[in-house]
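Hi everyone, thanks for making the time. I'd like to walk you through one structure this morning, so have a look at the screen and stop me whenever you like.

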Amino acid sequence: MKKLGRIVRILVLAAVITVVFAACENTAESVHEEQTQETQTQREETQEEQTISVSMDEDYQIGDESEMKLYINDQEIPVIWEDNETVSELMEQAEVADITVQMSMYSDNEQVGPLGKDYTRDDKQTTTHNGDIVLYSGNQIVVFYGSNSWAYTRLGKMDISQDEVNELLSNGDVVLKLSY
């Protein structure tokens, strides 16, 4: 009789284990299904955000036809433009007609030239670096192949290597052109 009682307990225990195992398996499948759905939803949201981001930034992508372009001695230079009022004013002016500036070397670290009119300034104490483009005194554009610290309005940064910037700017006066 004791053996029969043990066998019944073992069978009941086996049945309970089978039910628990089946429940765990169903739960695991549900969790996996939920995770798969969440991952798909996240992918769709990310893709949607990227699409929105691209469409919002279309006007200011490097190489885009609707962007202001920088030329130095007729060589197009990719630029990451600042998002500020001064750059917007320059873009509007360049859309009407190219802005051509005869630049002059200054202090063995920059080229500077007159823009011919005053633009909105938001001068802040700044340490410039190789490739930086700034507005000085509201009416002069400066491109750096070295470093300087002064109050400027940031316009952008050339998106080329330091060596390329040095080669372009450190070997004599240049002609800078902003075109739309």
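I'll go from the overall picture to the confidence, then to the strands, a few buried residues, the rings, and two odd loop residues.

First thing to keep in mind: this is a predicted model. The protein has 180 residues, and buried ones make up 28% of them. Its secondary structure comes to 3 helices and 11 strands. If you trace the chain from the N terminus, the elements go α-β-β-β-α-β-β-β-β-β-β-β-α-β. So what about the surface? The protein exposes about 11,900 Å², and 51% of that comes from carbon and sulfur atoms. And if you take contacts between residues at least 6 apart in sequence, 62% of them join residues at least 24 apart.

Now, confidence. The average pLDDT for the protein is 80, with 63% of the residues scoring at least 70. Residues 46-65 are the stretch to watch, as the pLDDT there is below 50. That stretch does have 15 contacts in the model beyond near neighbours in sequence. Still, where pLDDT is low, the predicted coordinates shouldn't be read in detail.

Okay, on to the strands, and let's start at β11. Which strands pair with β11? One is β1, residues 69-72, which pairs with β11, residues 175-179, in the antiparallel sense over 4 bridges. In that pairing, K69 has S179 as its bridge partner. Another is β4, residues 99-102, also antiparallel to β11 and also over 4 bridges. There, Q102 is bridged to V175.

While we're in β11, look at L176, which sits in that strand. Is L176 buried or exposed? It's buried, because its relative accessibility is 1% and the cut-off for buried is under 20%. Leaving out residues up to four places away in sequence, L176 touches L70, Y71, I99, T100, V101, M103, I141 and V143. There's also Q111, which is 65 residues from L176 in sequence, yet the two C-alpha atoms are 9.6 Å apart in space.

Next, M158, in strand β10, which covers residues 148-158. M158 is buried as well, with a relative accessible area of 3%. Its contact list, again without neighbours within four places, includes L70, I72, I77, P78 and V79. Also on that list are G131, I133, V143, F144, V165 and L169. If you want a pair that's far along the chain, try M158 and W81: they're 77 residues apart, and their C-alpha atoms are separated by 8.5 Å.

Let's turn to the aromatic rings. How many aromatic pairs are there? The count comes to 2. Take F144 and Y152: their ring centres are 5.7 Å apart and the planes sit at 70°, so this pair is edge-to-face. Both partners are buried, F144 at 0% relative accessible area and Y152 at 3% relative accessibility. Step back a little and you'll see that ring pairs link Y136, F144 and Y152 into a cluster.

T128 is worth a look here too. You'll find T128 in strand β7, residues 124-128, and at 0% relative accessibility it counts as buried. Setting aside neighbours within four places, T128 is in contact with V134, F144, G146, S147, N148 and Y152. So F144 and Y152, the edge-to-face pair from a moment ago, are both among the contacts of T128.

There are a couple of lysines sitting over rings, too. The charged end of K177 is over the ring of Y71, 4.9 Å from the ring's centre. K117 lies over the face of Y119, and there the distance to the ring centre is 5.1 Å.

Last stop: two loop residues with backbone angles to check. N73 isn't a glycine, but its phi is positive, at about 50°. You'll find N73 in the loop between β1 and β2, where β2 is 75-77. N73 counts as partly exposed, with 43% relative accessibility. S137 also has a positive phi without being a glycine, near 60°. The loop that holds S137 runs between β8, 132-136, and β9, 140-144. S137 is partly exposed, at 33% relative accessibility.

That's my tour, and I'm happy to take questions.

Methods: Residues are numbered from 1 along each chain as its sequence is written. This is a predicted model: local features need pLDDT of at least 70, side-chain atom pairs count only at pLDDT 80 or more; totals for chains, interfaces and linings use all residues. Side-chain values use heavy atoms; hydrogens and water are left out. Rings of Phe, Tyr and Trp (its six-membered ring) pair if their centres lie within 6.5 Å; planes under 30 degrees apart count as stacked, over 60 as edge-to-face and the rest as tilted. Buried means under 20% relative accessible area, exposed over 50%, partly exposed in between (1.4 Å probe, protein chains only). A charge sits over a ring if NZ of Lys or CZ of Arg is within 6 Å of the ring centre and within 35 degrees of the ring normal. Contact means heavy atoms within 4.5 Å. Accessible areas come from the Shrake-Rupley method with a 1.4 Å probe; for residues, only the protein chains shown count as cover. Two strands pair if DSSP finds at least two bridges between them. pLDDT is the predictor's confidence in each residue, from 0 to 100.
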